Number of protein chains: 2
Amino acid sequence: MDTLETRELRYFVAVAEELHFGRAAERLGMAQPPLSRAIQQLERRLGVRLLDRDRRGVALTAAGEMLLHEGRAALDAATAAARRTRRAGGADTPGGPRNRLVLAVKAGASHELLHKLLDAYAAEPGAAEIEVLPSGTCEQGEMLRDGRADAALMHMPYNSLTGFDSEELMSEGQIAVLPARHPLAARRTLTMADVAHVPDLPLARWPRHGTYPPGPGPEIHDQTQLAQLIALGRTMAVYPDSARAWLWAEHAAVPLTDAPPVITHLAWPAHSRSLALAGLIRTATRL
Amino acid sequence: MDTLETRELRYFVAVAEELHFGRAAERLGMAQPPLSRAIQQLERRLGVRLLDRDRRGVALTAAGEMLLHEGRAALDAATAAARRTRRAGGADTPGGPRNRLVLAVKAGASHELLHKLLDAYAAEPGAAEIEVLPSGTCEQGEMLRDGRADAALMHMPYNSLTGFDSEELMSEGQIAVLPARHPLAARRTLTMADVAHVPDLPLARWPRHGTYPPGPGPEIHDQTQLAQLIALGRTMAVYPDSARAWLWAEHAAVPLTDAPPVITHLAWPAHSRSLALAGLIRTATRL
DNA sequence: ACTCGCTGATACCTGCCCGGTATGACAGGG
DNA sequence: CCCTGTCATACCGGGCAGGTATCAGCGAGT
């Protein structure tokens with residue numbers, strides 16, 4: 001009576017995202033009529049209109065908006081339960097159940113810190129095995145929510161910590177990564193204003209949630225590509241100090257005096273009760 | 001393949017809590033055999049043993065432990081989705097959908113603060129209607145998690161804020177609430193040590209998660225009962241300063257110099273995106 | 001204006017799977 | 001040794017999820 005089936009949530013979220021019954025049904029691998037009926041039953045069960053069926057397309061009501069957000073969260077929680085249970089039971093590791101933690105890290109970020117953390121934790125008695133899972137740009141939050149990861153290194157202010165517990169690990173300044181022969185590379189320091197609108201060096205653009213912000217700079221998919229474009233003198237980027245670890249010879253790093261500091265946190269789902277995670281947190285705080 | 005049905009979660013949580021298929025089936029209102037089969041199917045789907053069936057009773061494996069915790073969270077998220085959607089659509093309000101917020105408050109706590117908050121918020125333009133939902137002892141967290149409430153007044157260190165966003169509202173000292181004619185009531189101040197083991201005034205015991213801590217004091221169900229027992233000289237209690245609001249003439253309040261301060265927070269689910277809630281938070285921070 | 005195309009809704013049917021009843025296997029206790 | 005209590009197995013029936021075919025409204029194009 002008062003608890004929704006995940007099947008209903010899956011169906012509704014698909015329709016709410018596509019705003020089109022046919023496409024949603026296709027995405028779900030089913031025919032359109034049963035989907036229509038399922039949504040109608042859901043509306044009747046809840047006693048609430050979720051969608052406004054205008055003859056041309058479908059729109060969310062306020063209640064539908066709410067169910068889209070809450071339903072996504074519930075679906076994430078359900079898949080997280082499945083994934084974490086499989087992992088705890090060792091269903092994904094050939095050698096049977098092992099004490100294992102998955103740590104999501106933005107690919108290439110915080111090399112040195114990560115190294116120290118892993119070494120320190122491995123030295124602990126009874127340490128679990130840690131799998132480092134490379135994550136896309138700002139994807140760590142989703143990975144924690146849907147159970148792909150048990151913990152993550154997150155970088156304020158780029159990631160959002162809402163909904164997670166966290167422990168601050170490190171704070172660092174930011175640098176402008178420039179082509180070595182560009183005039184700006186000779187400067188001792190720069191400001192954000194200096195680098196905001198350099199005509200011949202537009203700032204590179206990273207995708208946020210799959211879409212790119214507008215701007216003149218090139219669209220970046222991965223860090224190697226960015227490094228190459230900088231080395232070729234086509235673009236520049238603003239990065240935390242620790243990015244110096246992967247700079248090329250053709251790169252130059254100039255400190256930005258007024259950039260906000262980047263704070264690296266170890267974050268984990270707030271309700272976690274794993275012993276292995278507690279150990280990792282403990283060693284992290286001692287770092 | 002990778003997302004669990006809430007039916008499966010309900011069944012497993014029931015079995016994991018009862019550690020007994022028959023009782024769990026009874027609680028679920030079904031027969032035992034289909035429940036056994038459902039759990040077996042779940043184990044096969046996950047590829048993981050969840051329960052150790054010893055001939056005498058049932059025990060959780062590590063994976064089962066994990067699924068119990070994660071499954072509870074997922075079930076809470078699903079029922080929260082249903083409740084909040086119904087509320088957003090006005091399924092529970094006769095007059096149709098109204099802009100409404102449910103605020104969980106420990107019954108009788110923070111009267112004055114609550115009053116100020118409600119008044120200030122009601123004065124805001126476009127304020128939503130606020131329903132004050134009295135909550136049992138330390139129950140506010142569950143209410144936020146399963147959607148019975150949209151926000152809560154929580155009192156550190158009694159409530160836990162993990163998993164919620166929050167805003168600090170007030171900090172106050174604590175007092176000992178004593179029978180007026182007891183010798184200790186004449187003191188200007190007291191310490192925790194003074195009140196810990198008074199032979200003729202054992203500290204009252206509140207339930208935590210439905211069970212009472214051990215001790216000599218009486219078991220308390222509600223505040224009126226406590227007030228009466230104190231007035232009768234049978235027990236005493238430690239309360240935040242603001243409890244003075246409901247003291248009787250036969251009560252005395254003596255400040256405790258070394259009690260930890262009680263900090264009242266406004267807390268809400270971290271993923272909330274409601275406009276009305278944002279308004280309440282804004283007025284709360286300005287208080 | 002008529003038709004075509006696209007939308008979601010309805011009607012009807014079929015097969016699966018969920019749940020119930022009856023029973024079995026197995027261990028422990030009197 | 002049987003009785004009790006546990007969970008698992010065997011079998012069956014009904015409800016509901018899902019598929020196919022079709023309808024119903026609205027827009028657009030000629």
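Q: In this predicted model, which residues are closest to DNA strand D, and how many residues surround the strand?
A: The model is a predicted one, and in it both protein chains reach DNA strand D, since chain A and chain B each appear among the closest residues. Those closest residues are A:M30, A:A31, A:P33, B:P33 and B:S36, and the number of residues that surround the strand is 17.

Q: Which element gives the most to the surface near DNA strand D?
A: At least two residues each are supplied by α3 (32-46) of chain A and by α2 (21-28) and α3 (32-46) of chain B. By class, the residues of this surface divide into eight nonpolar, five polar and four charged. The element that gives the most, with four residues, is α3(B).

Q: Which element gives the most to the surface near DNA strand C?
A: Around DNA strand C there are 16 residues, of which A:P33, A:S36, B:M30, B:A31 and B:P33 come nearest. Two or more residues are given to this surface by α2 (21-28) and α3 of chain A and by α3 of chain B. The surface holds eight nonpolar, four polar and four charged residues, and the element that gives the most to it, with four residues, is α3(A).

Q: What relation holds between chain A and chain B?
A: Chain A is superposed on chain B by a rotation of 180° with 0.0 Å of shift along its axis, at an RMSD of 0.1 Å. Because of that rotation and shift, the relation is that of a two-fold axis.

Q: Which element gives the most to the side of chain A that touches chain B?
A: The contact between the chains takes 41 residues from chain A and 41 residues from chain B. On the side of chain A, α1 (6-18) and α4 (62-89) each supply at least two residues, and by class this side has 20 nonpolar, twelve polar and nine charged residues. With 21 residues, the element that gives the most is α4(A).

Q: Which residues have the most contacts inside the largest nonpolar core?
A: This core has 60 residues, and two or more of its residues come from each of α1, α2, α3 and α4 of chain A and α1 (6-18), α2, α3 and α4 (62-89) of chain B. Leaving aside neighbours within four places in sequence, B:A74 is in contact with A:A74, A:A77, A:A78, A:A81 and B:L9. The residues with the most contacts inside the core are A:A74 and B:A74.

Q: Is A:M66 buried or exposed?
A: A:M66 is found in helix α4 of chain A, and it touches B:R84, B:T85 and B:A88 when residues up to four places away in sequence are not counted. A residue needs 20 or more other C-beta atoms within 10 Å to be called buried. Because A:M66 has 23 C-beta neighbours inside 10 Å, it counts as buried.

Q: How far apart do the C-alpha centres of domain 2 and domain 3 of chain A lie?
A: The domain assignment of chain A gives domain 1 (6-88), domain 2 (99-170 + 262-286) and domain 3 (174-256). The contact between domain 2 and domain 3 of chain A takes nine residues from each, and on the domain 2 side the largest share, three residues, comes from helix α5 (residues 111-123) of chain A. The C-alpha centres of these two domains of chain A lie apart by 27 Å.

Technical notes. Residues numbered from 1 in each chain as written. Chains lettered and ligands numbered in written order. Predicted model: local features only at pLDDT ≥ 70, side-chain atom pairs only at ≥ 80, totals over all residues. Near = placed C-beta within 6 Å. Nonpolar A, V, L, I, M, F, W, Y, C, P; charged D, E, K, R; others polar. Domains from an automatic or database assignment. Contact = placed C-beta atoms within 7 Å. Core = buried A, V, L, I, M, F, W, Y, C linked by C-beta atoms within 7 Å. Buried ≥ 20, exposed ≤ 12 C-beta atoms within 10 Å, placed from the backbone. Least-squares fit on C-alpha atoms with pLDDT ≥ 70 in both.
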